[in-house]
Amino acid sequence: GDRILVGGDGFVEIDENLAKTFKKGDSVLVVESTGELLLLPAEERKITSDTIAEAQSAFQKMNSISDEQISKFFEQFAANLESDAIWNEVIAANNEDVEVAKKKGRSTTRLVANEKMRQGMISGLRGWITASSKRGAIIETVKHEGWSVDMVGAALGTVGFVFEGRPNVLADATGVLRGGNTVVFRIGSDALGTARKIMSAALRPALEEAGLPKGAVGLIDSAARSTGYALVSDRRLALAVARGSGPAVATLGALAQQAGVPASLHGTGGAWMYGSAHCNLSSFESAVECSLDRKVCNTLNVCCINRSRAAELVPAALRGIEKAARRDGQGEGIYKLHVVAGDEQCVPQDLLEKVVMVKRADGEHQEKQAEVLPEEQMGVEWEWEETQEMTLKIVDDEEHAAQLFNKYSPQFVACCISDDKEEHERFYSLVNAPFVGNGFTRWVDGQYALNRPELGLANWESGRLFGRAGVLSGDAVFTVRARSYVTNPGLKR
């Protein structure tokens, strides 16, 4: 029944479960924006704090570490992952993680450490070797009579990552070392065993081989979600990066904001596409197909179609999603469609009655292939596993599509398929999105689009980003120092 003051003008009552669980030494974090109370056990807080302290100590030592040593770390880490003996150890740990996740009914699509993931990690690490660094770089020189000022790039500090349960994020996290920073990360419990093995068998030996301080990369060795809360709330962090989606990321962002820690939030994913009255039918069909090859944050989630050409474009969209579902002959062509209420007459009526087998994280389910969705649920991100899934909405024009995007979407990716350049410009000016294109949605990726290893993507769900793009790359994690050079000893103001 006790109450806690929140935000200076409200109270939140402590529920019975929290009161019973709380022990001496524990902490309670209050999410001021929602009033949610989060228990932070003393043990988890200490594990997190100690890992951050080690990273802070390592950061002080990074000033004396050369760029060549940092490059050697990336090369050695990549070489360790190339070793079949080491990778077999990783696979063994990963198999255990996958088995446990399956028993819990969790998604394992991005958890499995397959050869494609391995090569992606290796490629990413080697990408950091040649990546640019602002550390020590003169960004600008301002000359005056008798003196000058250099604006010099410098390392930012310790960066904290909260990752979803994917093993390959370890390679992503180490990217901040390129600029002389250190990193602490918390990984989803599903992938913790795999992460531990990669750390012990491949990452830590690479740090030692390159002569980098041990604490330069720290894994919070706990499956407790509360360690993520503790991490982003720690004022010693120079930057907090939260990857994932939904309320969990929003909570992490709110905690970081309350603590005064700058944050880069991935937020909810799901891309939107608008098929215009002026689009090429074949181009639209291909854009849909190529945007649904696999489920990640930039996968097509909502497809809006111009009403005047719905009779042509709806069948094209359905052909596109069916082709994606066939996976070059590897799939059955089964997909799931959500039709926004009021637009049912625009899709083949048999889809609304037909029952298909939909493969979800917790197994196979018999469902109607097409179901009616209330308009207010257009923002739902479909976290499909093997069965392609999207929402279909009929709109009047590009302005209507943009209005719906701005109202319901996570303000992430918007693509307009049209041969009319003026329409593209109107669409671009209307949608509130950091990523806007004229083709498939899956182009939104730091490495793919900008040739820069990516640390995370951010939407505009919580507002536009100050002074940076929606792609967070390693060369963007830096600060700037001003250094003066006086040539006139008698210089005065």
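Two strands are taken to pair if DSSP finds at least two bridges between them. In this predicted model, that criterion yields an open sheet of seven strands, running in the order E17-E14-E18-E13-E12-E19-E20 with parallel pairing. At the edges stand strand E17 (370–373) and strand E20 (435–437), and because each has a single partner strand, one side of each is left without a neighbour in the sheet. Direction ignored, neighbouring strands of this sheet are turned against each other by 20 degrees on average.

Within the seven-stranded sheet, strand E12 (residues 271–275) is joined to strand E19 (residues 413–417) by four bridges in the parallel sense, and one point at which the reader can find this pairing is Trp272, whose bridge partner in E19 is Ala414. Helix H14 packs on this sheet, where it touches E12, E19 and E20, and the direction of H14 makes about 160 degrees with that of E19.

From H14 the path leads to a second helix. Two packed helices are described by the angle between their axes and the distance between the axes. Helix H13 (residues 398–408) packs with helix H14 (residues 421–430) at an angle of about 20 degrees, the axes being 9 Å apart. Since angles under 35 degrees count as roughly parallel, H13 is therefore roughly parallel to H14. The crossing in which H13 passes H14 is right-handed. On the H13 side the contact is made by Glu398, Glu399, Ala401, Ala402 and Asn406, and on the H14 side by Glu423, Arg426, Phe427 and Leu430; these residues divide into four nonpolar, one polar and four charged.

Another helix pair is formed by helix H10 (residues 281–290) and helix H11 (residues 310–326), whose axes come within 7 Å and cross at roughly 40 degrees. Here too the crossing is right-handed, with H10 passing H11. H10 contributes Leu281, Phe284, Glu285, Val288 and Glu289, which meet residues of H11 including Leu313, Ala316, Arg319, Gly320 and Lys323. The residues of this contact divide into eight nonpolar, one polar and five charged.

There is also an open sheet of three strands, in the order E5-E6-E23, in which the pairing is antiparallel. Strand E5 (138–144) and strand E23 (479–486) are the edge strands, each pairing on one side only, and neighbouring strands are turned by 20 degrees against each other on average, direction ignored. Strand E6 (residues 147–154) pairs with E23 over eight bridges in the antiparallel sense, and the bridge partner of Ser148 in E23 is Tyr485.

Note on methods. Residues numbered from 1 in each chain as written. Predicted model: local features only at pLDDT ≥ 70, side-chain atom pairs only at ≥ 80, totals over all residues. Heavy atoms only, no water. Axes fitted to C-alpha atoms, helices over the stretch in contact; angles between N-to-C directions. Helix = DSSP H or I, 4+ residues; strand = E, 2+ residues; numbered from the N terminus. Parallel < 35°, antiparallel > 145°, perpendicular 65-115°, else oblique. Left-handed = near helix turned anticlockwise from the far one by under 90°. Contact = heavy atoms within 4.5 Å. Nonpolar A, V, L, I, M, F, W, Y, C, P; charged D, E, K, R; others polar.
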